[in-house]
Amino acid sequence: MVDYGWATGIFLGVLLPWSAWLGVLRPVLQRVVWVIAPLALFLIPIHSFFHPGTTVLLTIGHFTLTQEGLAYAYLILSRLAVLASALLAFSLSTTPAELATTLTQQGVSPAFTYLLISPFQLIPEVRTKAATILAAQQARGMETAGNLWQRSRALVPLVVPLVLGALVDVEERAMALEARAFRAQGYKTSLVQIPDSVAQRWFRWGLFGFTVAFVGWSQWQFFTSRI
Amino acid sequence: MRFSERLKRDFSTTTLTLIPLAIVLNLVLGQTISLLKLPIFLDSIGSVLVAILSGPWAAAVTGLLTNLIGGVINPFFPAFAPVAIVVGLVAGFCAKVGWFRAWWKVTLTGLLLGLTAALVATPIRVLVFGGVTGSGSSFFIAYLLATGSAMVQSVFAVTVLTNVLDKVITALIAWVIVLRLSRRYISRFPRAENVLALENAPTNEEVVR
């Protein structure tokens, strides 16, 4: 028997209350629906008609809708709801700056935290640049509509200036980092301190242990069910 | 050179500043060109650039972080992180053996990238997403299923087609961009020899002309 109830149970019993506790229940729900709905639109018909099954619910022409197919589509969708809501609850309740500070305090190398954080600051900058380049090329008569050949000719004038412009910034940024002793060894203090209690530490280890145990258990179930 | 030394050289300060920009290019370019309504996503051009300039390991990190950070925009993006990592690695090794030095070699690199990306993406699509990703390609998958193909084959066929086209164009554009960079600029990167070693490689002045 496949774990039909597990994903639904974790979604309704753990992830939604957790999002509510974090104060992000509304945006999490909205965005889960927003990403799941288009998938459901394809998943449900594709699997209800093409998944191998014997319990026929409905026949349309050559195609038969089976209960097994419908159940499989539900299983996939409920798992995706777990995946999406867990990630969304985390990303909607944690700012990149908090994440960076926490990681550094936990001993993650500052170089890695820099890689994780600076894209968030760069995205709006590069987006503005992209809009400027688009406007400039359109002002020069670049076609963004028409047949496939006309549209693909616009690819290079849009992409190349944007990438070259971004690459030029790299040197400047590298020098700025070097000037601020980015690569210096030794102890660095942080302006912001994120509190971390013993209880939280234990809770994290507990979650990690639970995940390992759960994955092990489900794998064991999977392999013994095949024998 | 020992592997740890190689890594230390690869992840120079210049590389560390290139990677975030490459991540942002991976994330933003797809949106920028979406108005052209072309059947490509161009979401790995930054990784390929890092692969050429800073090697496979830096490119793999770029791919991984692109998909983790993209998770803030779309929570299903991180599921495809293995694909982005493999694309970075393969592009890096192709660059190392000189496959970014002539247009036809770059096309071969693109083909290889498309194939490996599809090989890694297919099991993720089938097992995690039930073979469906909610885009136009799902119609083709449904069509193939209706004509009697199995799920894995249908998904692989569609993924290979879209990925090969996307990666060939990605590799070619990345190559064009590297050709336009000055020698002085490229030489600041740890894997400059990937594109500079060849004597008859066009100099910057020739490309501009």
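Buried area is here the accessible area, taken with a 1.4 Å probe, that two parts lose on being put together, summed over both. In the predicted model described here, chain B and chain A bury about 5300 Å² between them, and 81% of this area falls on carbon and sulfur atoms. To the contact, chain B contributes 61 residues and chain A contributes 59 residues. Within the area that chain B buries against chain A, 12% is supplied by B:Leu21, B:Leu36 and B:Phe76, which is more than any other three residues supply.

Chain A is divided into domain 1 (4-93), domain 2 (98-179) and domain 3 (197-227). The C-alpha centres of domain 2 of chain A and domain 3 of chain A are 39 Å apart. Helix H5 of chain A, which covers residues 110-139, comprises 30 residues and should span 44 Å at 1.5 Å a residue; the C-alpha atoms at its ends are 43 Å apart, in agreement with that expectation. H5(A) nevertheless bends by about 35° at A:Leu122, and a proline, A:Pro124, follows within four residues of that position. Just after H5(A), the backbone at A:Gly141 adopts a positive phi of about 95°.

Over all chains, the structure holds 10 aromatic pairs. One of these is formed by A:Trp6 and A:Phe214 in an edge-to-face arrangement, with 5.0 Å from centre to centre and 75° between the planes. This pair links distant parts of the chain, since A:Trp6 belongs to helix H1 (residues 4-22) of chain A and A:Phe214 to helix H8 (residues 198-226) of chain A, 208 residues apart. Both partners retain some accessibility: A:Trp6 is partly exposed, with a relative accessible area of 39%, and A:Phe214 counts as partly exposed at 24% relative accessibility. In chain B, B:Phe3 and B:Trp57 likewise form an edge-to-face aromatic pair, for which the centres are 5.2 Å apart and the planes are at 85° to each other. Because B:Phe3 lies in helix H1 of chain B and B:Trp57 in helix H4 (residues 56-70) of chain B, this pair ties together parts that are 54 residues apart in sequence. B:Phe3 is partly exposed, with a relative accessible area of 49%, and B:Trp57 is also partly exposed, with a value of 29%. In chain A, the residues A:Trp6 and A:Phe214 further belong to one aromatic cluster together with A:Phe210 and A:Trp217.

Two further positions in chain B illustrate contrasting surroundings. B:Thr109 is placed in helix H6 (residues 103-129) of chain B, and its relative accessible area is 0%, so this residue is classed as buried, the cut-off for that class being under 20%. When neighbours within four places in sequence are left aside, B:Thr109 is in contact with B:Cys94, B:Trp99 and B:Phe100. B:Lys8, by contrast, lies in helix H1 (residues 3-10) of chain B and counts as exposed because its relative accessibility is 71%, where the class requires a value over 50%. From C-alpha to C-alpha, B:Lys8 is 29 Å from B:Phe77 in space, and the two residues are 69 residues apart in sequence.

Note on methods:
Residues numbered from 1 in each chain as written. Chains lettered and ligands numbered in written order. Predicted model: local features only at pLDDT ≥ 70, side-chain atom pairs only at ≥ 80, totals over all residues. Heavy atoms only, no water. Helix = DSSP H or I, 4+ residues; strand = E, 2+ residues; numbered from the N terminus. Buried < 20%, exposed > 50% of the residue type's maximum accessible area, 1.4 Å probe, protein only. Contact = heavy atoms within 4.5 Å. Expected span 1.5 Å × (residues − 1). Bend = angle between axes of the 7 residues up to and from the residue. Phe/Tyr/Trp six-rings, centres within 6.5 Å; stacked < 30°, edge-to-face > 60°. Domains from an automatic or database assignment.
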